[in-house]
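Please open the model in a viewer and keep the sequence panel visible. The tour below proceeds by selection, with a description at each stop.

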Amino acid sequence: MEWHGWAKGVALICLLGSVCQGRELTIKNDDDSQIYNHTIAMILVEYSSAVTETDLTALFTWTCSRCNDLTKGFEVIELIVDVQHCLQAVVGVDHNLDAIIVAFRGTQENSIQNWVEDLLWKQLDLNYPGMPDAMVHRGFYSAYHNTTIRPAVISAVEKIRRSYGHIKIMVTGHSMGGALASFCALDLIVNEGIRNVELMTFGQPRVGNAAFASFFSKNVKHAIRVTHEQDIVPHLPPYYSYFPKKTYHHFPREVWLHNIGVGTLVYMTEKICDGSGEDPSCSRSVKGNSIADHLEYFGIDMQADNWGSCRIIMDYSVLQYEMDLSGNIILSKDPLAPSIVQPTRQQDLFLAN
Ligand SMILES: *[C@@H]1O[C@H](CO)[C@@H](O)[C@H](O)[C@H]1NC(C)=O
Ligand SMILES: *[C@@H]1O[C@H](CO)[C@@H](O)[C@H](O)[C@H]1NC(C)=O
């Protein structure tokens, strides 16, 4: 893995030269500023956008309008729809990246404005299990850990690893989907013992306090939080610098997308922020009050077409699916199996609201 290369390099210099003599050998293995890859970001943002689609048949067969471009050829293995909590996740294999992709969509049951306003009041109300002092927001934690999402994601990942071996896992999501993705990446590493897990989220809110952020970054070494201009969501729930122990605190590493104007030229830059998680020269240097900037990343439309309704569309006659007593749906197929789905008759389902 690339990010171990640095540590080895430093150790090697010490062996060859005398630079380390008489000094404590400090191996710098926490430099994660090298891990941001623009090409990967362009691909993962498309997955994060596509997973918001409501037509489950088109999503499962990867023929939806957003299931295109850089994600073409994605082999969907499992599509999980937690109807009860209005959450969605897709797990499959990107053969170009030789990686398992796990992409999340957060709840859509309120309007985006209401959802953003609610973020102001989210409490740090749950001790992260097994980590004294680490506090998180129960709602975000539970959305991943206490719904149909977690068991279905873990079983899909295991199924793929049995067929394709231990290829790397890239976990992604936008907005609340990014919060779910964060808990998932940590879970895969800490509870499932999987090592090659990479996380990249777009416009995610804060999910825990400083103790949690520190625990998180010790475990999820390969984590990038992309933020965009004045996107309001990464500013929420609020960070209070004068309350360091009691406040929400982002984990590193932020990459802030923003425009720089030079004369009449304006171009987008990607600023790799510091390792604190709360770099004051990145998105925190601006007021951050835009919903429009939240809904577009790298020019990709992140807005779900069903905000406020939790609507899904599915052809029940051709898809094999499992449904539990609460109406939650899991569509799955075996890795390597040819696709047998031919969309015909569609049915609309209106859930909640
Ligand atoms: C970024 O990722 C792409 C796709 O995996 C890879 O081809 C490229 O070499 C990577 N770039 C860097 C600088 O690591
Ligand atoms: C998980 O859900 C159950 C049932 O809704 C609830 O009683 C429990 O408190 C939840 N756990 C967490 C950690 O939120």
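**The two ligand sites**

Select ligand 1 to begin: the residues surrounding it are Asn-37, Thr-39, Ile-40 and Leu-97. By class, this shell around ligand 1 comprises 2 nonpolar and 2 polar residues, with no charged residues. Please bear in mind throughout that the model is predicted.

Select ligand 2 next. Leu-126, Arg-138, Ser-142 and Asn-146 surround ligand 2. The shell of ligand 2 divides into 1 nonpolar, 2 polar and 1 charged residues.

**The sheet**

Now display the strands as a cartoon. An open sheet of 10 strands appears, in the order E10-E9-E8-E7-E6-E3-E2-E1-E15-E14, and its pairing is mixed. Strand E10 (265-272) and strand E14 (321-323) form the edges; each has a single partner strand, so one side of each lacks a neighbour in the sheet. From one strand to the next, the twist averages 15 degrees.

At the E10 edge, select strand E9 (residues 254-262) together with E10: the two pair in the antiparallel sense over 8 bridges. To locate one bridge, select Leu-257, whose partner in E10 is Glu-270.

**Helices across the sheet**

Which strands does helix H2 lie across? Selecting H2 (residues 38-50) shows that the helix lies across strand E3 (99-105), strand E6 (168-174), strand E7 (197-202), strand E8 (223-228) and E10. Relative to E6, H2 runs at about 60 degrees.

Add helix H7 (residues 176-190), which lies across E3, E6, E7 and E8. The angle of H7 to E6 is about 155 degrees.

**The contact of H5 with H7**

Keep H7 selected and add helix H5 (residues 138-145). The axes of H5 and H7 come within 9 Å and cross at roughly 65 degrees, and the crossing is right-handed. Show side chains here: Phe-140, Tyr-141, Ala-143, Tyr-144 and His-145 of H5 meet Ala-179, Leu-180, Phe-183 and Cys-184 of H7. The residues of this contact divide into 8 nonpolar and 1 polar, with no charged residues.

**Val-116**

Finally, select Val-116, which is found in helix H4 (residues 112-119). Is Val-116 buried or partly exposed? Val-116 counts as partly exposed because 19 C-beta neighbours lie inside 10 Å, while a buried residue requires 20 or more. Leaving aside residues up to four places away in sequence, Val-116 touches Ile-232, Val-233, Leu-236 and Ile-291. As a last step, add Ser-175: Val-116 and Ser-175 are 59 residues apart in sequence, and their C-alpha atoms are 9.9 Å apart in space.

Technical notes:
Residues are numbered from 1 along each chain as its sequence is written. Chains are lettered from A and ligands numbered from 1 in the order in which they are written. This is a predicted model: local features need pLDDT of at least 70, side-chain atom pairs count only at pLDDT 80 or more; totals for chains, interfaces and linings use all residues. A residue is near a molecule or strand if its C-beta atom, placed from the backbone, lies within 6 Å of it. Ala, Val, Leu, Ile, Met, Phe, Trp, Tyr, Cys and Pro count as nonpolar, Asp, Glu, Lys and Arg as charged, and the others, Gly among them, as polar. Two strands pair if DSSP finds at least two bridges between them. Helices (H or I, at least four residues) and strands (E, at least two) are DSSP runs, numbered from the N terminus. Axes are lines fitted to C-alpha atoms, for helices over the stretch in contact, and angles run from 0 to 180 degrees between N-to-C directions. Two residues are in contact if their C-beta atoms, placed from the backbone, lie within 7 Å. A crossing is left-handed if the near helix is turned anticlockwise from the far one by less than a right angle, and right-handed if clockwise. A residue is buried if 20 or more other C-beta atoms lie within 10 Å of its own, exposed if 12 or fewer, and partly exposed in between; C-beta atoms are placed from the backbone.
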